Amino acid sequence: MTELAIETHGLVKVFGKERAVDGVDLAIERGGIHGFLGPNGAGKTTCIRMLATLLRPDAGTATVLGHDVIHAADEVRSLVSLTGQFASVDGDLTGRENLRLIGKLFGYSGPQALKRADELLGAFGLDDAADRQVKKYSGGMRRRIDIAASIVVTPELLFLDEPTTGLDPRSRNEVWDIIRAMVGSGTTVMLTTQYLDEADQLADRISVIDRGKIIAEGTSSELKASVGSGSLHVRVMHRADRPAAKAILERELGVEVVEMVDPQGLTAAVEASGPVTRALTALEGASVELAQFALGQPTLDEVFLALTGHPAEESTDEEVAA
Amino acid sequence: MSTPTDTTTAPPKEEKAPQASAIVSALASTERPQRPGPLSTSLTFGWRALLKIKHVPEQLFDVTAFPIIMTLMFTVLFGGALAGSTEDYVQFFLPGIMVQSLIMITMYTGHTLRTDIEKGVFDRFRSLPIWRPSALVGMLLGDTVRFTIAAIVTAVVGLFLGWRPGGGFAGVTLGVLLILVFAFSLGWIWTFLSLLLRSANSIMGVSMMIITPITFGSNIFVDPSTMPGWLQAWVEVNPVSHLVTSVRDLMGGTPVGSSLPLALLWSAGLVAVFGTLTMWKYRDPR
């Protein structure tokens, strides 16, 4: 029971000259959602494929739920499930047939497999589409049937490889709800994503991967804290008030206040919320009207920039163009 | 239960949302069925192949139109020149053209597998705790159904052209079975190629380079005694020649010679060599 869900030491996978995964060490505990965050081509999928026994590592070791991925691959396969980046169901078959197929491959009898398929189709809101070919499904439905196929037999560990890539916001929220529901029932989820807000929303702990290496690990808050303190954004109601507001904030906060491109905006790095409260009171005392103010931790975008030296988005675009 | 609706014209209905509580209860059933055996999983994959035929019946086009064209074309084209008449030639030629048609159709196996791999559905199969070759064995078993259809079509066309097999129904059936065994074994070459090569087109190209010499350089079309010595030597060792000779004997009702065990031996050898190579590559494709 005490063994980790995933443990790797110096995991390496080389494709030609490129070290897609370059010495990854992971120690992921059971339960909850572990986020694997990185831009396209960072090595997330390659790592997941090695852990799901689909690729053999070139060096290093990996154990999943206490079983070695090379020497006990069959045990690993019976405990984990994978939802790939591309729909890993058969587009020519109907939704129901796909789930029956997986059920039978797990050893259910014909009627049992059918019963399980119908149960899952209902749970995932796909009963109306059950007899339609999967290739005629919408993107969101395809994702759902894909996840349903992954839990025909409840896995102890579920790999979700970019589960919301290419989905509209509504379908994305549905997939998020599904993932949260699954974790509630005790399944460990390992989720790869290139969306910072997705990792922020879902993951208990996050490993940041870039160019085949883990560059940071921790909770979302820890990652943000490691980059620096929070920040205060203030927007005054009238442009003319900005110099006055800047002076008051600098006096109360004791730090440099930066004028933003927005002619009404000001921003400052702050260590604690106490001085902020005082500063806002002082602004009100000086009759400086505020349009809005926000105090928050740095976004994961800022975190990524600080950790890698390049923004996540830029690298994503390069990869897509390549 | 639900009435099928015309999905191509009807506007998509408002999609239902997933039910979190139902998902949790579905996950809560941690019952694990008994792990199925290799035969069971292979047959399940065979069932998948049949479902695909049901949904995409166009894939039966090659196994129906192709044998008709091949049989008609070669019999009518060569019959008069080679044997005096179409009717005489078809007695000699029909078992051979059946072999040729079925061997050519086996190429599509590699094409289908490559498409599967590219679509990602193979990742799912490979991540299941099942006997690993079963996905491929099942696929080839499903193809056997297509091959059988092609054999029946060829036989019917032959009967129309005046083919009267001396072996009767039993002899023809045994002959077809032998071709199916060989076609299943040959299929492992294509599965290996499709794991080795990266595009469906290159698989077709390489397959043609293999199929052309083993079918045309055989005793399918003519008696090899008129061929130059070097070609006769090739025809002698070509497994397709042994297959054709045995099928002719079985269907013609004449005693089978050493060709039959040789054809079976070749089949076993193909499975042993290319089956192993396929499974070695299957571990780590792409």
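How many helices and how many strands are there in chain B? I started my notebook with that one, and I found eleven helices and zero strands in chain B. I should jot down at once that this is a predicted model.

**Chain B, overall**

I read along the sequence of chain B and wrote down the pattern α-α-α-α-α-α-α-α-α-α-α. I then looked up its extent: the C-alpha atoms of chain B fill a box of roughly 75 × 45 × 35 Å along the principal axes. Of the 286 residues of chain B, 40% count as buried. I also checked the contacts in chain B between residues at least 6 apart in sequence, and 78% of these join residues at least 24 apart.

**H4(B) against H6(B)**

Next I picked a helix pair. Helix H4 of chain B covers residues 86-119 and helix H6 of chain B covers residues 134-160; their axes come within 9 Å and cross at roughly 150°. H4(B) and H6(B) are therefore roughly antiparallel to each other. I noted the crossing of H4(B) and H6(B) as right-handed.

I listed who meets whom. From H4(B) come B:Val90, B:Leu94, B:Ile97, B:Met98, B:Ser101, B:Leu102, B:Ile105, B:Thr109, B:Thr112 and B:Leu113. Facing them in H6(B) I found B:Met139, B:Leu140, B:Asp143, B:Arg146, B:Phe147, B:Ala150, B:Ala151, B:Thr154 and B:Gly158. The residues of this contact of H4(B) with H6(B) divide into twelve nonpolar, five polar and two charged.

**H3(B) against H6(B)**

I stayed with H6(B) and turned to helix H3 (residues 61-83) of chain B. H3(B) and H6(B) pack at an angle of about 35°, with their axes 9 Å apart. The crossing of H3(B) and H6(B) is right-handed. On the H3(B) side, the contact is made by B:Val63, B:Thr64, B:Pro67, B:Ile68, B:Thr71 and B:Leu72. On the H6(B) side I wrote down B:Arg146, B:Ile149, B:Ala150, B:Val153, B:Thr154, B:Val157 and B:Gly158. The residues of the contact of H3(B) with H6(B) divide into eight nonpolar, four polar and one charged.

A cross-check pleased me: B:Arg146, B:Ala150, B:Thr154 and B:Gly158 of H6(B) are in my list for H4(B) and in my list for H3(B).

**Nonpolar cores**

Which residues have the most contacts inside the largest nonpolar core? I got A:Leu51, B:Val99, B:Leu102 and B:Ile179, in a core of 137 residues. Helix H7 (residues 168-196) of chain B gives the largest share of this core, 14 residues. I followed B:Val99 further: leaving aside its neighbours within four places in sequence, B:Val99 is in contact with B:Ile179, B:Ile220, B:Val240, B:Leu243, B:Val244 and B:Val247. Apart from this core lies another, of twelve residues, among them A:Val234, A:Val236, A:Ala245 and A:Leu266.

**Where chain B touches chain A**

I looked up the contact between the chains, and it takes 42 residues from chain B and 51 residues from chain A. On the side of chain B that touches chain A, helices H1 (20-28), H2 (38-55) and H5 (121-126) of chain B each give two or more residues. H1(B) supplies the largest share of that side, seven residues. The residues of that side divide into 18 nonpolar, eleven polar and 13 charged.

**H1(A) and the loops after it**

Is helix H1 (residues 44-51) of chain A enclosed or open? Eight of its eight residues are buried, so H1(A) is largely enclosed by the rest of the structure. A:Leu51 of the core is one of the buried residues of H1(A).

Just after H1(A), A:Thr53 takes a positive phi of about 65°, although A:Thr53 is not a glycine. I placed A:Thr53 in the loop between H1 and strand E4 (59-64) of chain A. A:Thr53 is buried, with 25 other C-beta atoms within 10 Å.

I met a positive phi again at A:Leu65, about 55°, and A:Leu65 is not a glycine. A:Leu65 lies in the loop between E4 and strand E5 (67-68) of chain A. A:Leu65 is buried, with 20 other C-beta atoms within 10 Å.

**A:Ala20**

My last entry concerns A:Ala20, in strand E2 (residues 18-28) of chain A. A:Ala20 is buried, with 22 other C-beta atoms within 10 Å. Neighbours within four places in sequence aside, A:Ala20 is in contact with A:Lys13, A:Val14, A:Phe15, A:Gly43, A:Thr46 and A:Gly212. A:Thr46 took me back to the buried residues of H1(A).

Definitions and conventions: Residues numbered from 1 in each chain as written. Chains lettered and ligands numbered in written order. Predicted model: local features only at pLDDT ≥ 70, side-chain atom pairs only at ≥ 80, totals over all residues. Axes fitted to C-alpha atoms, helices over the stretch in contact; angles between N-to-C directions. Helix = DSSP H or I, 4+ residues; strand = E, 2+ residues; numbered from the N terminus. Parallel < 35°, antiparallel > 145°, perpendicular 65-115°, else oblique. Left-handed = near helix turned anticlockwise from the far one by under 90°. Contact = placed C-beta atoms within 7 Å. Nonpolar A, V, L, I, M, F, W, Y, C, P; charged D, E, K, R; others polar. Core = buried A, V, L, I, M, F, W, Y, C linked by C-beta atoms within 7 Å.
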